[in-house]
Amino acid sequence: QVRLVESGGGLVQAGGSLRLSCAASGLIYSSNTLGWYRQAPGKQRDLVATVSSGGTTSYADSVKGRFTISRDNAKNTVSLQMHSLKPEDTAVYYCRYTLPWSSREYWGQGTQVTVSS
């Protein structure tokens, strides 16, 4: 009932910047939490950053100070601004939608981010 579409992935050099966006559509509840996760080949999917409906943010230690998550409730979008990218940031980045009162979660199809050294 919720569809998520990521965009903005690509190839960048180490030290560069990239901005990812995720557009949500369908039955969107205002109390949702939106987040970005990433998964490298052969590794588990890990949290990158989340932002609640009230604007509370959280970040993985590995990206603190470099990445910024933000949301636009009018457009039902969430973005991830990435600076000072490192080769270890290379992964498929996924957008996630969750509700505090439901166990249901929705995921986007993912967008590839590749950082060259």
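This report describes the overall fold, a salt bridge, the largest pocket and a surface patch of a predicted model.

The protein is built from 11 strands and 0 helices, so that its elements, read from the N terminus on, run β-β-β-β-β-β-β-β-β-β-β. Its radius of gyration is 14 Å, close to the 13 Å that the globule rule gives for 117 residues, and the protein is therefore as compact as a globular protein of that length. Along the principal axes, the C-alpha trace spans about 40 × 25 × 25 Å.

Side chains of opposite charge can pair when their charged atoms come close. In the whole structure, 4 salt bridges are found, and one of them joins aspartate 89 to arginine 38, with the closest N and O atoms 2.9 Å apart. Because aspartate 89 sits in the loop between strand E8 (77-82) and strand E9 (91-98) while arginine 38 belongs to strand E4, this pair ties together parts that are 51 residues apart in sequence.

Arg38 also takes part in lining the largest pocket, together with Gln39, Ala40, Lys43, Gln44, Asp46, Pro87, Glu88, Thr90 and Ala91. The space in this pocket amounts to about 170 Å³, and its lining divides by residue class as follows.

| Class of lining residue | Number of residues |
|---|---|
| Nonpolar | 3 residues |
| Polar | 3 residues |
| Charged | 4 residues |

On the surface, Leu27, Tyr29 and Trp101 form a nonpolar patch, which together offers about 360 Å² of accessible area. Of these residues, leucine 27 lies in the loop that runs between strand E3 (18-26) and strand E4 (33-39).

Definitions and conventions: Residues are numbered from 1 along each chain as its sequence is written. This is a predicted model: local features need pLDDT of at least 70, side-chain atom pairs count only at pLDDT 80 or more; totals for chains, interfaces and linings use all residues. Side-chain values use heavy atoms; hydrogens and water are left out. Patches are made of residues with over 30% relative accessible area and no salt bridge: like charges are joined within 9 Å, nonpolar side chains (Val, Leu, Ile, Met, Phe, Trp, Tyr) within 5 Å. Accessible areas come from the Shrake-Rupley method with a 1.4 Å probe; for residues, only the protein chains shown count as cover. A salt bridge is a side-chain nitrogen of Lys or Arg within 4 Å of a carboxyl oxygen of Asp or Glu. Helices (H or I, at least four residues) and strands (E, at least two) are DSSP runs, numbered from the N terminus. On a 1 Å grid over the protein atoms alone, a cavity is a set of points where a 1.4 Å probe fits but cannot get out, and a pocket is an open set with protein on both sides within 12 Å along at least five of seven lines; lining residues have an atom within 4 Å of a point. Grid points are joined across faces, edges and corners, and a volume is the space filled by probe spheres set on the points. Ala, Val, Leu, Ile, Met, Phe, Trp, Tyr, Cys and Pro count as nonpolar, Asp, Glu, Lys and Arg as charged, and the others, Gly among them, as polar. The radius of gyration is taken over C-alpha atoms; the globule rule is 2.2 Å times the number of residues to the power 0.38.
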